[in-house]
Amino acid sequence: MQELNTLIKQCNALLVDIPEHKKLLAGLFYYKYLSDRLLFRVSFLLEEPENNLQQAQAVYAEAWADDARSDLINDLGHECGYLIKPGNTINGLAKQVALTTTTIKNALTQIKLFDNKQLSQDLSKINIGDVNPVTWQQLLKQLTTVAVISPDNDAQTPILPAAAVFLQQVQKIIITL
């Protein structure tokens, strides 16, 4: 929890001049949670469990390029209820050179939902605002430094209820900033 608190404060410092930056911060951490959960879940489904997000990202990108991608998409639909393409995870976005507010908005709108109306409503509430490309790079670099969940807890915990609890924790920290 201390690591999460520190990460939120570091990201907040980058966004403090942006109008409604606390809503943006909460939305980004919600997206990070979904992104991290997906990466760990993919590595588990592919029977290559990873404890490191960068390695889990590499496993996902490799599997996405494979002929069995449609099987993976179906598995994620059943397991997670959503799909984020490898290039649109937080780690995938952080690797992009020309990162803009439009890139982030596109990543959010390209999440494939599998009959998941609650997640769709939650994602539509994320207010991206207008952040300059340098700040996006710094922000995403910070977000890739820490996994906001433990890969050990991933297999048994339902994702959306856990994401809602996580978002509440993040909002409690943000309120104190």
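Is Glu79 buried, exposed or partly exposed, and what is its relative accessible area? Select Glu79 and you will find a residue that is partly exposed, with a relative accessible area of 39%. Keep that residue highlighted; we will come back to its partner after a look at the whole chain. One thing to bear in mind as you go: this is a predicted model.

**The whole chain**

Show everything as a cartoon. The protein chain has nine helices and two strands, and from the N terminus the order reads α-α-α-α-β-α-α-β-α-α-α. Now switch on a surface: about 9200 Å² of the protein chain is exposed, and 49% of that comes from carbon and sulfur atoms. Of the 177 residues, 47% count as buried. If you draw a contact map, look away from the diagonal: among contacts with a separation of 6 or more, 75% are between residues 24 or more positions apart.

**Stop one: Glu79 and Arg41**

Side chains of opposite charge can pair when their charged atoms come close. A search of the whole structure turns up three salt bridges. Add Arg41 to your Glu79 selection, and you have one of them, with 2.4 Å from N to O. This pair links distant parts of the chain, since Glu79 sits in helix α4 (residues 69–79) and Arg41 in helix α2, 38 residues apart. Arg41 is buried, at a relative accessible area of 6%, while Glu79 is partly exposed at 39%.

**Stop two: Asp36 and Lys32**

Stay on helix α2 and select Asp36 with Lys32. Their closest N and O atoms are 2.9 Å apart, and the two form a salt bridge. Because they are four residues apart in helix α2, about one helical turn separates them. Both Asp36 and Lys32 are buried.

**Stop three: Glu20 and Lys23**

Next, select Glu20 and Lys23, which form a salt bridge with the closest N and O atoms 3.4 Å apart. Glu20 is partly exposed at 48% relative accessibility, and Lys23 is exposed, with a relative accessible area of 56%.

**Last stop: Glu50**

Finally, select Glu50, in the loop between α2 (21–45) and α3 (53–65). Which side chain of opposite charge is nearest to Glu50, and how far away is it? That is Lys95, 12 Å away; Glu50 is buried yet has no salt bridge. A salt bridge needs the side-chain nitrogen within 4 Å of a carboxyl oxygen. To see what surrounds Glu50, show Phe40, Ser43, Gln55, Ala56, Val59 and Pro151, which Glu50 touches when residues up to four places away in sequence are not counted.

Key
Residues are numbered from 1 along each chain as its sequence is written. This is a predicted model: local features need pLDDT of at least 70, side-chain atom pairs count only at pLDDT 80 or more; totals for chains, interfaces and linings use all residues. Side-chain values use heavy atoms; hydrogens and water are left out. Buried means under 20% relative accessible area, exposed over 50%, partly exposed in between (1.4 Å probe, protein chains only). Lys and Arg count as positive and Asp and Glu as negative; His and the chain ends are not counted. Contact means heavy atoms within 4.5 Å. Accessible areas come from the Shrake-Rupley method with a 1.4 Å probe; for residues, only the protein chains shown count as cover.
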